[in-house]
Amino acid sequence: MALRHRLIERSVDEVWAVLADGTRYGDWVVGTSDSRPDEGVWPRVGSSITYTIRLGRWSMAGHTVVRRCEAPGVLELEADSGRLGTARIALTVRPWGENALVTIDEHPLRGPAGKLHNTVVDALIQLRHRGMLARLADAVEKTPRGTHQAV
């Protein structure tokens, strides 16, 4: 299991405002860019976004669907990376004093990644999570206070 947490020095609502903005997905998810709405209203259950996955010169389209949403504390996603398969990404955001403690739990579900899932894959996911949570903290903390929109 690839589980990691990070303290973000902003409120739960400020963190949630970034997570609840589907156009900002590429701001915090490592390897993605150009996120845009696909179906429904993000982050309602069943809504989705599409984005581009870039690794060097290589790129492909990705698609993520909201499987569970309990604002402002729980967001569970199923990310579909095409031939690589799908993954469950669960984020929890809870108060920690005046700040927010964000926990991410991810594991492959379908496709080659799901079949090859092992401790080495978990170690790689942990590295990705470190970057993802740093990017999320950066996106939230660099947004001037009072400019986050309530969702």
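Confidence in this predicted model varies from element to element: helix α1 (residues 12-19) comes out on top with a mean pLDDT of 96, while helix α3 (residues 111-115) sits at the bottom with 72. For the protein as a whole the mean pLDDT is 87, and 91% of the residues reach 70 or more. As a rule of thumb, where pLDDT is low, the predicted coordinates should not be read in detail.

Moving on to the strands, β3 and β4 run antiparallel and are held together by eight bridges. Within this pairing, Ile-49 faces Thr-64 of β4. Just two residues separate the strands in the β3-β4 hairpin, where Gly-56 adopts a positive phi near 65°. On from there, β4 also pairs with β5, again antiparallel, through seven bridges. His-63 has Asp-80 of β5 as its bridge partner, and three residues make up the hairpin connection from β4 to β5.

Two cis peptide bonds turn up in loops. One runs from Trp-42 to Pro-43, with omega near 5°, and Pro-43 belongs to the loop between β2 (32-39) and β3 (48-55). Another links Ala-71 to Pro-72, with omega about -5°; here the proline falls in the loop between β4 (58-70) and β5 (74-80).

On the surface, Leu-55, Trp-58 and Leu-84 make up a nonpolar patch of about 310 Å². Leu-84 comes from the loop between β5 and β6 (86-96). Its relative accessibility is 48%, so Leu-84 counts as partly exposed.

As for charged pairs, the structure has nine salt bridges. Among them is the one between Glu-14 and Arg-10, with 3.3 Å between the closest N and O atoms; both Glu-14 and Arg-10 are buried. Glu-78 and Arg-110 form another, their closest N and O atoms lying 2.1 Å apart. Because Glu-78 is in strand β5 and Arg-110 in strand β7 (residues 99-110), this pair ties together parts 32 residues apart in sequence. Glu-78 has a relative accessibility of 10%, which is under the 20% cut-off, so it counts as buried.

Asp-138 and Lys-142 also meet through their side chains in a salt bridge, at 3.4 Å from N to O. Here Asp-138 is partly exposed, at 36% relative accessible area, and Lys-142 is exposed, at 63%. Elsewhere, salt bridges with shared partners connect Arg-68, Glu-70, Glu-76, Arg-88 and Asp-105 into one network.

Key: Residues numbered from 1 in each chain as written. Predicted model: local features only at pLDDT ≥ 70, side-chain atom pairs only at ≥ 80, totals over all residues. Heavy atoms only, no water. Helix = DSSP H or I, 4+ residues; strand = E, 2+ residues; numbered from the N terminus. pLDDT = per-residue confidence, 0-100. Pairing = 2+ DSSP bridges. Patch = residues over 30% accessible without salt bridge, like charges linked within 9 Å, V, L, I, M, F, W, Y side chains within 5 Å. Areas by Shrake-Rupley, 256 points an atom, 1.4 Å probe, with all protein chains shown as cover. Salt bridge = Lys/Arg side-chain N within 4 Å of Asp/Glu carboxyl O. Buried < 20%, exposed > 50% of the residue type's maximum accessible area, 1.4 Å probe, protein only.
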